[in-house]
Structures are given as C-alpha cells and as structure tokens.
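Here is a short report on one protein chain. Please read it alongside the sequence and the coordinates.

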Amino acid sequence: MRFFIRCTFFYDQLSTVIDDINKRDDIKFVIFGGDIADQALLREYEIFYDIMSKLKKPYLTVIGNHDYNINGGIIYKKMFGDYNYSFEFNNNKFVLFDNVVWESEKELDFDWLTSELEDNTSFNQVFVIAHIPPYGDQFDEELKEKYMSTMSEYNVPLSIHGHTHSYLYEEGDVSYLTAPAVKEKAYNIVSVKDKGFSVELIEL
C-alpha cells in the first residue's frame with residue numbers, strides 16, 4: 001500500500017504532480033497535508049477542486065493554517081468535511097488531526113486525538129497526519145512536548161506534516177516526516193507494510 005502527502009496552492013505545479021501520480025499503479029490513495037489555498041478564497045478552493053478532479057486516485061485532506069484565513073475554515077468544512085477524522089485501510093489506521101493553533105484560534109482537541117489512538121493494538125500500525133510539525137513555529141515547548149509524548153505513548157510509528165513547505169524526514173522510535181511543497185514539483189510516497197514503512201521523495 002502506498003500513499004503520498006504534501007501541501008499546495010501552486011496550481012500549475014499541482015497539475016504536473018497529479019499527472020505523474022496518475023501514471024503510477026502503486027499509489028492507492030493521496031493525502032494532502034494542508035494549505036490547499038493561500039488566502040482561503042472560494043476561488044482558490046474551486047481551482048484546487050477542478051485540478052483534483054483529474055486525479056485517478058481517491059484523495060483526502062487535512063486542514064492547513066492558510067486554509068483558515070478569512071472564512072476559509074467554513075469553506076473547507078463544507079467542501080471536505082470534519083477537521084478531525086480517521087479512516088482504516090488494510091488494517092492500518094490513519095488519523096487526520098487539525099493542529100493549527102494561530103489561525104484557528106482554538107485549543108487543539110487532544111481528547112479526540114487520544115481517543116482515536118487508544119485502540120492502536122487493533123491495527124497493524126496507526127499513522128497521524130497533521131499540518132503543523134511539532135517543531136513548527138506554532139508550537140511552544142509545552143505543546144511540542146504534549147504532541148510528541150502522545151505519539152510516543154500510543155506507539156505511532158510515523159507522524160506526517162506540511163506547513164514548512166520543505167522536506168524533512170527524521171527517523172526514530174516515532175519518525176517525523178514533513179513533506180515538500182508542490183511548488184518544488186515534489187512529493188512523498190509512504191509505502192506501508194504489515195509492520196513497518198518506508199518514505200520516498202519524488203522530485204520531478
């Protein structure tokens with residue numbers, strides 16, 4: 001099973017990436033790591049939606065900080081649904097978590113996150129996808145420690161992010177992946193096995 005993550009709002013480059021993904025048979029679904037829009041205008045969301053209609057794979061999204069600008073949070077919810085949700089695929093669980101602090105002007109729902117992670121033994125692996133990396137600018141030391149200790153406590157093998165728009169992969173007991181921005185015509189493929197995974201950087 002393979003899927004890829006990255007953040008966007010560079011629409012010409014997005015089309016190039018979509019064309020490349022459509023040529024691959026090994027990608028089962030696509031997850032966007034946030035920043036679908038820049039100013040969160042309705043027209044930006046519409047452009048994104050039109051381009052994504054050409055994708056031949058299922059795709060899911062996590063909300064980014066840019067997506068909250070103006071009334072973007074309302075638009076996002078109407079187009080894509082809940083900010084926090086999860087799904088299962090091949091006995092793996094994927095938890096998509098809204099961890100935007102500044103633009104959302106709300107506290108992060110760690111109660112919801114931990115409730116989704118508590119059943120981790122029922123799955124081969126549980127992955128978390130959230131826009132802001134714990135080492136990002138929106139996390140103070142207390143919030144960084146809370147997020148990372150939650151990942152460790154519930155044996156999350158990989159936490160996946162966007163926001164910084166530059167690729168970074170740190171391996172450990174909990175590995176942290178920050179996907180590149182689509183403006184670089186790059187994306188990540190995560191290959192998930194029964195136990196374990198691998199991360200590949202695709203540069204076009």
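The report moves from the overall fold to one strand pair and then to single residues.

## Overall fold

This is a predicted model. The protein contains 5 helices and 11 strands. Its radius of gyration is 16 Å, and the globule rule gives 17 Å for 204 residues, so the protein is as compact as a globular protein of that length. The C-alpha trace spans about 40 × 40 × 25 Å along the principal axes.

Of the 204 residues, 57% are buried. Sequence-distant contacts are well represented. Among contacts between residues at least 6 apart in sequence, 67% join residues at least 24 apart.

## Surface and charge

The exposed area of the protein is about 9300 Å². Carbon and sulfur atoms supply 45% of that area. There are 19 positive and 35 negative side chains. The centres of these two sets lie 9 Å apart.

## Strand β10 and its partner

Strand β10 covers residues 186–192. In this strand 7 of the 7 residues are buried, so β10 is largely enclosed by the rest of the structure. Both of its faces are covered. On one side sit A186, N188, V190 and V192, and on the other Y187, I189 and S191.

Which strand does β10 join through 7 bridges? The partner is β11, residues 197–203, and the two strands run antiparallel. Within this pairing, I189 of β10 stands opposite E200 in β11. The hairpin has 4 residues between the strands. In this hairpin G196 takes a positive phi near 115°.

## S175 in strand β9

S175 belongs to strand β9, which runs over residues 175–178. Is S175 buried or exposed? S175 has a relative accessible area of 4%. The cut-off for buried is under 20%, so S175 is buried.

Beyond residues up to four places away in sequence, S175 touches P157, L158, S159, Y169, E170 and F197. One of these, F197, falls within the residue range of β11, 197–203.

## Two positive phi angles outside glycine

Most residues other than glycine have a negative phi. Two loop residues here depart from that pattern. A40 has a positive phi of about 65° although it is not a glycine. N91 also has a positive phi of about 65°, and it is not a glycine either.

A40 lies in the loop between β2 (29–32) and α2 (42–52). N91 lies in the loop between β4 (85–89) and β5 (92–97). How exposed are these residues? A40 has a relative accessible area of 3% and is buried. N91 has a relative accessible area of 39%. That value lies between the 20% and 50% cut-offs, so N91 counts as partly exposed.

## N99, a buried loop residue

N99 sits in the loop between β5 and α4 (110–117). N99 is in a loop, yet it counts as buried, at 0% relative accessibility.

Which residues is N99 in contact with, leaving aside its neighbours within four places in sequence? They are L108, A130, H131, I132, F139 and Y147.

Terms used
Residues numbered from 1 in each chain as written. Predicted model: local features only at pLDDT ≥ 70, side-chain atom pairs only at ≥ 80, totals over all residues. Heavy atoms only, no water. Rg over C-alpha atoms; globule rule 2.2 N^0.38 Å. Buried < 20%, exposed > 50% of the residue type's maximum accessible area, 1.4 Å probe, protein only. Contact = heavy atoms within 4.5 Å. Areas by Shrake-Rupley, 256 points an atom, 1.4 Å probe, with all protein chains shown as cover. Lys, Arg positive; Asp, Glu negative; His and termini not counted. Charge placed at Lys NZ, Arg CZ, Asp CG, Glu CD. Pairing = 2+ DSSP bridges.
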